[in-house]
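Trainee: I have a structure open in front of me and would like to learn how to read it. Could you walk me through some features?

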Amino acid sequence: MTGVDALLLALGAVAVGAGALVVTTRHLVRAGLYLVVCLGALAGLFLVLTAELVAWVQVLIYVGAVVVLLLFAVMLTRAPIGASDDLDRPGWPAALIGGGAGLGLAALLVDAFRWTRVDLPEPGTAERLGEQVFGSWVLPFEVLSVLLLAALVGAIVLSRPDIGRPAADRPVPTPGGRR
């Protein structure tokens with residue numbers, strides 16, 4: 001076993017462990033932080049596999065934007081941040097379904113490839129990827145950005161019950177800022 005193999009195993013173990021903590025923790029903010037660890041370990045795996053562009057896109061988009069948006073939306077909507085008793089459900093059905101899906105996918109892959117060596121295409125470059133993303137995929141890219149903006153505006157509207165209410169129904173602020 002080489003050092004690269006050991007590093008891949010270690011980063012994979014961190015990613016799987018953090019992913020398991022994401023779905024088993026009872027604290028929503030901690031789940032978001034465990035997600036940061038999991039996605040960071042995946043970026044490390046991409047770095048070890050010499051896919052630097054994919055690793056930095058992982059860090060910038062997923063860790064830097066999506067998780068921050070998730071935590072921002074959770075805190076903005078005034079969701080309960082601490083442990084929640086209504087999330088205490090038995091985990092065995094989910095473990096059974098997840099394990100069954102994992103075994104099914106593994107059996108499908110083994111049956112499809114039968115341990116044969118697959119020839120890979122020539123590796124891409126950042127220039128070719130940029131041409132594809134901003135050439136033929138620019139419309140879906142922009143639609144996704146509008147969708148994320150709509151989700152943020154929706155979170156703000158849901159967190160502020162006074163938005164959209166007629167002026168007569170709004171509470172009148174009293175002097176000193178108390179209602």
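Mentor: Happily! Let's begin with pockets: on a 1 Å grid over the protein atoms alone, a pocket is an open set of points where a 1.4 Å probe fits, with protein on both sides within 12 Å along at least five of seven lines, and lining residues have an atom within 4 Å of a point. Here the second largest pocket is lined by twelve-odd names you can look up, including Thr50, Glu52, Pro123, Arg128 and Gln132. This is a predicted model: local features need pLDDT of at least 70, side-chain atom pairs count only at pLDDT 80 or more, and totals for chains, interfaces and linings use all residues. Residues are numbered from 1 along each chain as its sequence is written, and side-chain values use heavy atoms, leaving out hydrogens and water.

Trainee: Which helices each supply at least two residues of the lining of the second largest pocket?

Mentor: Helices (H or I, at least four residues) and strands (E, at least two) are DSSP runs, numbered from the N terminus. In this pocket, H3 and H5 each supply at least two lining residues, and H5 has the largest share, with four.

Trainee: How many helices and strands are there in the protein chain?

Mentor: The protein chain has six helices and zero strands.

Trainee: What is the volume of the largest pocket?

Mentor: A volume is the space filled by probe spheres set on the grid points, which are joined across faces, edges and corners. For the largest pocket, that space is about 510 Å³. Closest to its centre, among the 16 lining residues, are Val57, Ile61, Val133, Phe141 and Leu144. Helices H3 (52-76), H5 (126-135) and H6 (138-159) each give two or more residues to this lining, and H3 gives the most, with six.

Trainee: How many nonpolar, polar and charged residues does that lining have?

Mentor: For the classes, Ala, Val, Leu, Ile, Met, Phe, Trp, Tyr, Cys and Pro count as nonpolar, Asp, Glu, Lys and Arg as charged, and the others, Gly among them, as polar. The lining of the largest pocket has 13 nonpolar, three polar and no charged residues. In the second largest pocket, the lining has six nonpolar, four polar and two charged residues.

Trainee: Let's pick one residue. Is Gln58 buried or exposed?

Mentor: Buried means under 20% relative accessible area, exposed over 50%, and partly exposed in between (1.4 Å probe, protein chains only). Gln58, found in helix H3, counts as buried because its relative accessible area is 8%.

Trainee: Which residues is Gln58 in contact with, leaving aside its neighbours within four places in sequence?

Mentor: Contact means heavy atoms within 4.5 Å. With those neighbours left aside, Gln58 is in contact with Leu39, Leu42, Ala43, Phe46 and Val63. The side chain of Gln58 also reaches the backbone oxygen of Leu39 at 3.4 Å.

Methods. A polar contact is a pair of N or O atoms within 3.5 Å; within protein, one must be able to donate a hydrogen and the other to accept it, and residues adjacent in sequence count only if both atoms are side-chain atoms.
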